[in-house]
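Q: Hi! Could you walk me through a structure, one piece at a time?

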Amino acid sequence: MDIEVKKPSREELKNLGVEAWPIWEKEASSFDWHYDSKEVCYFLEGEVEVEKPCGHRVKIEKGDLATFPQGLSCKWHIKRKVKKHYSFG
């Protein structure tokens with residue numbers, strides 16, 4: 001299961017309606033997470049490494065649009081406080 005990370009254009013963010021999505025914030029920490037549904041999120045602040053079960057890590061930082069697939073189990077390692085817009089489903 002791949003985590004897709006890209007730098008979106010302003011137009012893409014507008015088309016997705018990102019500014020209307022709720023915001024989630026979390027201090028530096030590590031925790032396990034499982035996605036019951038697909039999540040798309042846009043990082044306003046911070047830096048995170050998401051570790052997949054195979055041990056591969058995906059770096060996500062300010063300005064990234066990340067898509068997490070339904071069914072993914074992973075471990076989040078928040079390096080710098082995260083603030084992100086998010087949408088499930």
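Q: Which residues does D64 touch, not counting residues up to four places away in sequence?
A: D64 touches V5, K6, K7, P8, C41, Y42, F43 and K59, where contact means heavy atoms within 4.5 Å. Before we go on: this is a predicted model, in which local features need pLDDT of at least 70, side-chain atom pairs count only at pLDDT 80 or more, and totals for chains, interfaces and linings use all residues. Residues are numbered from 1 along each chain as its sequence is written, and side-chain values use heavy atoms, with hydrogens and water left out.

Q: Thanks! Where does D64 lie?
A: D64 is in the loop between β5 (57-61) and β6 (65-68). Helices (H or I, at least four residues) and strands (E, at least two) are DSSP runs, numbered from the N terminus.

Q: Is D64 buried or exposed?
A: Buried, with a relative accessible area of 5%. The cut-offs are under 20% relative accessible area for buried, over 50% for exposed, and partly exposed in between (1.4 Å probe, protein chains only).

Q: With which side chain does the side chain of D64 make a polar contact?
A: With that of K7, at 2.8 Å. A polar contact is a pair of N or O atoms within 3.5 Å; within protein, one must be able to donate a hydrogen and the other to accept it, and residues adjacent in sequence count only if both atoms are side-chain atoms.

Q: And E39, which side chain is joined to that one by a polar contact?
A: The side chain of K84, at 2.5 Å. E39 lies in strand β4 and counts as buried at 3% relative accessibility. Not counting residues up to four places away in sequence, E39 touches A66, T67, F68, K84, Y86, S87 and F88.

Q: Y86 is on that list, so to speak. Which strand does Y86 lie in?
A: Y86 lies in strand β7 (residues 73-88), and this tyrosine is partly exposed, with a relative accessible area of 23%. Beyond four places in sequence, Y86 touches W21, P22, I23, W24, E39, V40 and C41.

Q: How many Å apart in space are Y86 and V18?
A: 7.7 Å, C-alpha to C-alpha, with their positions 68 residues apart in sequence.

Q: Switching to pockets. What space lies in the largest pocket?
A: About 210 Å³. On a 1 Å grid over the protein atoms alone, a pocket is an open set of points where a 1.4 Å probe fits, with protein on both sides within 12 Å along at least five of seven lines; lining residues have an atom within 4 Å of a point. Grid points are joined across faces, edges and corners, and a volume is the space filled by probe spheres set on the points.

Q: Which residues line the largest pocket?
A: P8, S9, R10, L13, K14, V18, E19, Y42, L44, G63 and H85. The elements giving two or more residues to that lining are α1 (10-16) and β4 (39-51), and α1 gives the most, with three residues.

Q: How many of the lining residues are nonpolar, polar and charged?
A: Five nonpolar, three polar and three charged. Ala, Val, Leu, Ile, Met, Phe, Trp, Tyr, Cys and Pro count as nonpolar, Asp, Glu, Lys and Arg as charged, and the others, Gly among them, as polar.

Q: How many disulfides does the structure hold?
A: Zero, taking a disulfide as a pair of cysteine sulfur atoms within 2.5 Å. For C54, the nearest cysteine sulfur is that of C74, 11 Å away. For C74, the nearest is that of C41, 10 Å away.

Q: Are C54 and C74 buried or exposed?
A: C54 is exposed, with a relative accessible area of 64%, whereas C74 is buried at 7%.

Q: Which residues does F31 touch, and where is its place?
A: F31 is in strand β3 (residues 29-34). Not counting residues up to four places away in sequence, F31 touches W24, K26, C74, K75, W76 and I78. F31 is buried, with a relative accessible area of 18%.

Q: Last one: what about V58, buried or exposed?
A: V58 counts as buried, at 13% relative accessibility. Its place is in strand β5, and beyond four places in sequence V58 touches I3, V5, V48, E49, V50 and K52.
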